[in-house]
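Trainee: Could we go through this structure together? I should like to begin with its empty spaces and then turn to a few residues.

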Amino acid sequence: MLKSMAKVEATRAQRLHASIERFTAEEKDELLKEFHPDYSSKGFKVLEVGPNKGQKVPVELAQLLEGKSRLQDVELDLEKVDYDVDVLVIGGGGAGASAALEAHNGGANVLVVTKLRMGDANTMMAEGGIQAADKGNDSPAQHYLDAFGGGHYKNIPELLEELVTNGPLAIDWLSKLGVMFDKEQDGTMVTTHGGGTSRKRMHACADYTGAEIMRVLRDEVQNRGISVLEFSPAVELLLDEEGKTAGAVLWDFDAQEYKVVRAKCVIMATGGAGRLHYQGFPTSNHYGATADGLVMAYRAGAPLIYADAIQYHPTGVAYPAQIYGALVTEKVRSIGAQLVNSEGEIFMHPLETRDVAAASIIRECTARGKGVKALDGVALWLDTPLIEMLHGEGTIAKRIPGMLRMYAKFGIDLRKEPILIYPTLHYQNGGILIDKDAETKLPGLFVAGEAVGGIHGTNRLMGNSLLDIIVFGRIAGTKAAEAAKSVQLGKLSLEHVRRYAEEEKAAGVQGELSPKLLPVYTHGRDVR
Ligand code: MEZ
């Protein structure tokens, strides 16, 4: 490792202003097919039951989608309703909070339920920024083209249009609520590039963007007096006799008992799946990211889209072990750090889109044998001292203080030495299919945030996730509150869960108990 680091140091000055061509479309295609984990034949299983029967999903997700309901052998009295509300929001991250605020604005009686604490979510861990085309040289149309190309032209056009046209409004809404975006002396927003952007439209709060947004949204939910139940994950959706969404069953972690919520509309905002560790990858995700919303919605009949498209963030921590898999924000590259192999060579443009960058790093470490041994695997260098050579002393402390602090805890000063990285499981590009009102095929079920599929095609660009949680969170809240006004619910039912179990039995599949709720890190021993 030290010999290779010496090569990085020796080549730094000559690389300082070096530029490298982006890959051509053909090169990208080849690279992805050969090296991106989404193309692995081993990592996927074809579903045998449910609305996406016949389509492939990661094996770990299939285990849950084709799993056994936690309520399968439980006697529940659905006449005994513990909470009766207009709008139930499942999930306490940025999408859930935004949805709750707008549903509350719409006059609905809102209940937010969350598996861990309010704000324990991937939103909190988002670092580099939020995209919005609000500068003079930019436009939502330009933003659309960037995201459409990055998503391999598979983004659902009407969802992408909602995302980009609402971008400037989302920044304005957040600013007015109190989010402190980085500004120039004259008050204009500081904006930077991200992978695949043709304009500088990444707005940031240093490298704590998600934490700052979540701080403000959580405060606002609390200040409005919106009811929040923490440590109360939903385990199954409830439908009524006509098949309309009618609430959910919760598991109360403290009381160790099930609770019944009747709701005229439900907003699923349960986030991602990083803690399923697809193909053995580490993850940048928070502890609760176990695809619970996908499982519940799928079992109730809502189709998924692009559930086989997973995002591996190119720069996860590969060393030291204590923060293995944690996120090294893309902003580090956008402000000048280069990806460098064991020989001190640059091998790709630093701002390729994430799928291409991850595949290129994997190729360098495997087929080309130019990785650096780190812990039990191989890694590449991210040459961070270049940042201050380009922009002057103090830039790192000002622009990426979180990164500086994270590494300093382990005696690594990234102003002076490069860091070791490797792709980490970061985001599910796919999820539950919605329309532009954030509603699924299941009447009364809305979705927002990472649980949604289709907005980003099969590869999301940096900063479009913090944007989508706000845009579609707000849409879901507004539309659910509106819809709730005319909903007449019938008798609550879990008949769909029974029917799904029969379908599984007929197909001969039986995966794990699901939703998973919490990941297990006890080498096979479940200590719960
Ligand atoms: O959108 C993201 O995933 C993001 C901003 C991540 C990052 O690199 O900081």
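Mentor: The following exchange covers pockets, a cavity, a helix and some individual residues. Please keep in mind that this is a predicted model.

Trainee: What is the volume of the second largest pocket?

Mentor: The volume of the second largest pocket is about 740 Å³.

Trainee: Which residues lie nearest its centre, and how many line the second largest pocket?

Mentor: The lining of the second largest pocket consists of 29 residues. Nearest the centre are Leu-32, Gly-149, Gly-150, His-152 and Asp-355.

Trainee: Which elements give two or more residues to that lining?

Mentor: Helices α2 (25-35), α6 (140-150) and α12 (354-365) each do so. The most comes from α2, which supplies five residues.

Trainee: And how do the lining residues of the second largest pocket divide by character?

Mentor: There are 11 charged residues in that lining, alongside nine polar and nine nonpolar ones.

Trainee: Turning to enclosed space, how many cavities of 30 Å³ or more does a search of the whole structure find?

Mentor: The search finds one cavity of 30 Å³ or more. The largest cavity holds about 30 Å³ of space.

Trainee: What lines the largest cavity?

Mentor: Its lining is made up of Leu-61, Tyr-278, Leu-294, Tyr-306, Ala-307, Ala-309, Ile-310, Gln-428 and Gly-430. Seven of these residues are nonpolar and two are polar, with no charged residue in the lining of the largest cavity.

Trainee: A change of topic: how many residues has helix α16, and what is its reach?

Mentor: Helix α16 spans residues 464-484, which is 21 residues. From its first C-alpha to its last it reaches 29 Å, close to the 30 Å expected at 1.5 Å a residue.

Trainee: Why is α16 described as largely enclosed by the rest of the structure?

Mentor: Of the 21 residues of α16, 16 are buried, so the helix is largely enclosed by the rest of the structure.

Trainee: How many disulfides does the structure hold?

Mentor: It holds zero disulfides.

Trainee: Is Cys-205 buried or exposed, and what of Cys-265?

Mentor: Cys-205 is buried, because its relative accessible area of 6% is under the 20% limit. Cys-265 also counts as buried, at 0% relative accessibility.

Trainee: Finally, where does Ser-69 lie?

Mentor: Ser-69 belongs to strand β3 (residues 68-69). With a relative accessibility of 3%, Ser-69 counts as buried.

Trainee: Which backbone atom lies 2.9 Å from a polar atom of the Ser-69 side chain?

Mentor: That atom is the backbone nitrogen of Leu-71.

How values were computed: Residues numbered from 1 in each chain as written. Predicted model: local features only at pLDDT ≥ 70, side-chain atom pairs only at ≥ 80, totals over all residues. Heavy atoms only, no water. Helix = DSSP H or I, 4+ residues; strand = E, 2+ residues; numbered from the N terminus. Expected span 1.5 Å × (residues − 1). Buried < 20%, exposed > 50% of the residue type's maximum accessible area, 1.4 Å probe, protein only. 1 Å grid on protein atoms, 1.4 Å probe; cavity = no way out; pocket = protein on both sides within 12 Å on 5 of 7 lines; lining within 4 Å. Points joined across faces, edges and corners; volume = space filled by probe spheres on them. Nonpolar A, V, L, I, M, F, W, Y, C, P; charged D, E, K, R; others polar. Disulfide = S-S within 2.5 Å. Polar contact = N/O pair within 3.5 Å; in protein donor to acceptor, adjacent residues only side chain to side chain.
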